[in-house]
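Dear colleague,

I am handing over the structure we discussed, with the sequence alongside. Below it you will find some notes on what turned up.

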Amino acid sequence: MDWKEVTIYTTTAGIEPVAALLEAGGVEGYVLEDAADFEEFLKDTEIYWDYVDEDLVREKTAQETCLKIYLSDDAAGAKQFADIRAALEGLKARDAQNAWGRLTTETAVTRQEDWEWGWKQYFKPFPVGRSFLIKPSWETVDDAKGRRILEIDPASSFGTGSHDTTQLCMAALEDMVRQGDTLLDMGTGSGILAIAAAMLGADVRAVVDIDENCLKTAQENAEKNHVSIGRGLCGDALRDPKLAETLGQGYDIIVANIVADVIIGMAPMFMDKLAQGGTLICSGILNERADEVRAALEQNGFAVQSHAKSDDWSAFTARK
């Protein structure tokens, strides 16, 4: 299958609203090119440079922040693209201060083999947290140095383990999972967090995603790692009461690596689904949105146990 590469132009401030829009439209994985990152890199590393190509600086700093996504180049992908464009127009109409940039798109068709090679060539084994070593199936590891090897092939799903939010969640799982804890993974993507939890001894009862392909990929990855991640449930539990009911209740742990707006919206549901004393681990939250998420959790009865941060992202561990 060929893929349509869609580039969405925005600003650093627009990253989260666009990401939330994509999540709502069934797209969880994206490539982010943030113009602010290059400027910050130059500032932070200035003392190490004898010479910086001024043409390169002008080229990089003139670039707009953008998110790149990949949609199937067929009728289903065309409908998804049309829905995303309509949602972008709605977002633009709400942006009275023009804080989120142009919010326009460009497209290109990418062959399957080119698309796969584009990320495979950069995906090498790497450690995460205290105990995991993440690797793709096509790489070998001679010495894991006592770490658990978690093999992951994300395909078109979000979650190689390299993103800060995934690593923050995995570190929290290492701290919180006890043998036999029942767990629900909301927004499973490649299944990496559910698999990590199962490897730590959790009884993963269900994984949820709005993309059927993600559920297939997650189950395939679980099989590679010889663990069970329970039922795969497809849909939006916020808008589908039947799905929400199907999830059941009484979980010891819920992990949700999504986006701030969705976590805020789901806070009452998380409270309802957890057992008394249960734990919510959530991330996908830009640091500037962390206070909003904390407030939403506390307003719904959660006691925040920890707030972990990377340079840009936050994760909360909260107790019911």
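**Packing in the model**

Leaving aside neighbours within four places in sequence, F270 is in contact (heavy atoms within 4.5 Å) with M186, I254, A256, I263, L280 and F302. Please bear in mind that this is a predicted model, in which local features need pLDDT of at least 70 and side-chain atom pairs count only at pLDDT 80 or more, while totals for chains, interfaces and linings use all residues. Residues are numbered from 1 along each chain as its sequence is written, and side-chain values use heavy atoms, with hydrogens and water left out.

F270 also appears, with M186 and L297, among the residues with the most contacts inside the largest nonpolar core, which has 34 residues; such a core is a set of buried Ala, Val, Leu, Ile, Met, Phe, Trp, Tyr and Cys residues joined through side-chain atoms within 4.5 Å, buried being under 20% relative accessible area with a 1.4 Å probe, protein chains only. Helix 10, a DSSP run of H or I with at least four residues, numbered from the N terminus, gives the most to this core, with 8 residues. Apart from it lies another core, of 31 residues, including I134, A194, I195 and A197.

A197 also takes part in a helix pair: T166, C169, M170 and L173 in helix 6 meet I192, L193, A196 and A197 in helix 7. The residues of this contact divide into 7 nonpolar (Ala, Val, Leu, Ile, Met, Phe, Trp, Tyr, Cys and Pro), 1 polar (those neither nonpolar nor charged, Gly among them) and no charged (Asp, Glu, Lys and Arg).

With best wishes

Key:
Helix = DSSP H or I, 4+ residues; strand = E, 2+ residues; numbered from the N terminus. Buried < 20%, exposed > 50% of the residue type's maximum accessible area, 1.4 Å probe, protein only.
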